[in-house]
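Work through the exercises below with the sequence and the model open. Each task is followed by a solution in steps.

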Amino acid sequence: MSEKNSILELMIRDHCKIEKLINELEENSKFNFESMKKSFYEFEWELEKHIFTEEKAIFTSYNPEDVSEGYKMLPELTKQHNFIIHTLNNWRDDVRKRRMIRDVYSFKEFIIKHKDFEEEKVYPKLDESLPEDEKRHIIVKINEIS
Ligand SMILES: [Fe+2]
Ligand SMILES: [Fe+2]
């Protein structure tokens, strides 16, 4: 499957970008506030854009009746996304109050588990079960955002 018609390939590209940014944030959170702040805003921007894409362009765009197994994954994905958003909100608050961000490593582990789940279970399933025209429609939306 080429990148042109694979949701998985497109989302892996995003996941790599996010992983690189959280690695930078982890490093910079050990140094000084200003470099940490810069890294945080870059990371936050990409991650929120990514979750928006997943929730508004991908997961809402398919008919659960066609993808019964995929549909069962949605509550779990939403739960994990809520935890991610919650952590970003806390960190944003820290940055505003000029506090150093903590526990970047454990959040990184969570993010990696989450992306592995999507790459192994969610996206291959969607790529294989969505009708071609529906998939094209989703890919157009993904490309509009990222
Ligand atoms: Fe996600
Ligand atoms: Fe993702």
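**Exercise 1. A network of charges**

Which residues are linked with Asp93 in a network of salt bridges?

Solution. The model is a predicted one.
Step 1. Asp93 is linked with Asp94, Lys97 and Arg99 in a network of salt bridges.
Step 2. For one pair in it, the side chains of Lys97 and Asp93 meet with N and O 3.1 Å apart.
Step 3. The relative accessible area of Asp93 is 31%. Buried means under 20% and exposed means over 50%, so Asp93 is partly exposed.

**Exercise 2. Two salt bridges compared**

Find the salt-bridge partners of Lys108 and of Glu76, and state where each pair sits in the fold.

Solution.
Step 1. The structure holds 18 salt bridges.
Step 2. Lys108 pairs with Glu26, at 2.8 Å from N to O. Lys108 belongs to helix H4 and Glu26 to helix H1, so this salt bridge ties together parts that are 82 residues apart in sequence.
Step 3. Both Lys108 and Glu26 are buried.
Step 4. Glu76 pairs with Lys79, and their closest N and O atoms are 3.6 Å apart. These two residues are three apart in helix H3, which means that about one helical turn separates them.
Step 5. Glu76 has 31% relative accessibility and therefore counts as partly exposed. Lys79, at 56%, counts as exposed.

**Exercise 3. The fold**

Describe the secondary structure of the protein and say what share of its residues is buried.

Solution.
Step 1. The protein has five helices and zero strands.
Step 2. Along the sequence this reads as α-α-α-α-α.
Step 3. The protein has 146 residues, and 43% of them count as buried.

**Exercise 4. The first iron site in the list**

Which residues coordinate the iron ion (ligand 1), and through which atoms?

Solution.
Step 1. The donors are Glu54 (OE), His81 (NE2), His114 (NE2) and Glu118 (OE), at 2.0 to 2.2 Å.
Step 2. Along the chain, the donors of the iron ion (ligand 1) follow the spacing E-x26-H-x32-H-x3-E. His81 is in helix H3 (residues 68-96) and His114 in helix H4 (residues 104-129), so the two histidines tie together parts that are 33 residues apart in sequence.
Step 3. His81 and His114 are both buried.
Step 4. The angles among the four donor atoms of the iron ion (ligand 1) run from 85 to 175°. Four donors count as tetrahedral if all angles lie between 85 and 135 degrees. The site is classed as irregular.

**Exercise 5. The second iron site and the bridge**

List the protein donors of the iron ion (ligand 2), then identify a residue that coordinates both ions.

Solution.
Step 1. The iron ion (ligand 2) has His15 (NE2), His50 (NE2), Glu54 (OE) and Glu118 (OE) as its protein donors, 2.0 to 2.1 Å from it.
Step 2. The angles among these four donor atoms are 85 to 173°, and the site of the iron ion (ligand 2) is irregular.
Step 3. The sequence spacing of the donors is H-x34-H-x3-E-x63-E. His15 lies in helix H1 and His50 in helix H2, so this pair ties together parts that are 35 residues apart in sequence.
Step 4. His15 and His50 are buried.
Step 5. Glu54 bridges the iron ion (ligand 2) and the iron ion (ligand 1), and the two ions lie 3.2 Å apart.

**Exercise 6. The cavity**

How many cavities of 30 Å³ or more does the structure have, and which residues lie nearest the centre of the largest cavity?

Solution.
Step 1. A search of the whole structure finds one cavity of 30 Å³ or more.
Step 2. The largest cavity holds about 70 Å³ of space.
Step 3. Its lining has 13 residues, and those nearest the centre are His15, Leu47, His50, Ile111 and His114.
Step 4. By type, the lining is made up of five nonpolar, four polar and four charged residues.
Step 5. Helix H1 (7-28), helix H2 (33-58), H3 and H4 each contribute at least two lining residues.

**Exercise 7. A pair distant in sequence**

How far apart are Ile112 and His15 in sequence and in space?

Solution.
Step 1. Ile112 lies in helix H4.
Step 2. Ile112 and His15 are 97 residues apart in sequence, and their C-alpha atoms are 8.8 Å apart in space.
Step 3. With 26% relative accessibility, Ile112 counts as partly exposed, whereas His15 is buried.

Terms used. Residues numbered from 1 in each chain as written. Chains lettered and ligands numbered in written order. Predicted model: local features only at pLDDT ≥ 70, side-chain atom pairs only at ≥ 80, totals over all residues. Heavy atoms only, no water. Donors = N, O, S within 2.8 Å, 3.2 Å for Na, K, Ca; no water. Tetrahedral: all angles 85-135°; square planar, octahedral: opposite > 155°, others 65-115°. Helix = DSSP H or I, 4+ residues; strand = E, 2+ residues; numbered from the N terminus. Buried < 20%, exposed > 50% of the residue type's maximum accessible area, 1.4 Å probe, protein only. 1 Å grid on protein atoms, 1.4 Å probe; cavity = no way out; pocket = protein on both sides within 12 Å on 5 of 7 lines; lining within 4 Å. Points joined across faces, edges and corners; volume = space filled by probe spheres on them. Nonpolar A, V, L, I, M, F, W, Y, C, P; charged D, E, K, R; others polar. Salt bridge = Lys/Arg side-chain N within 4 Å of Asp/Glu carboxyl O.
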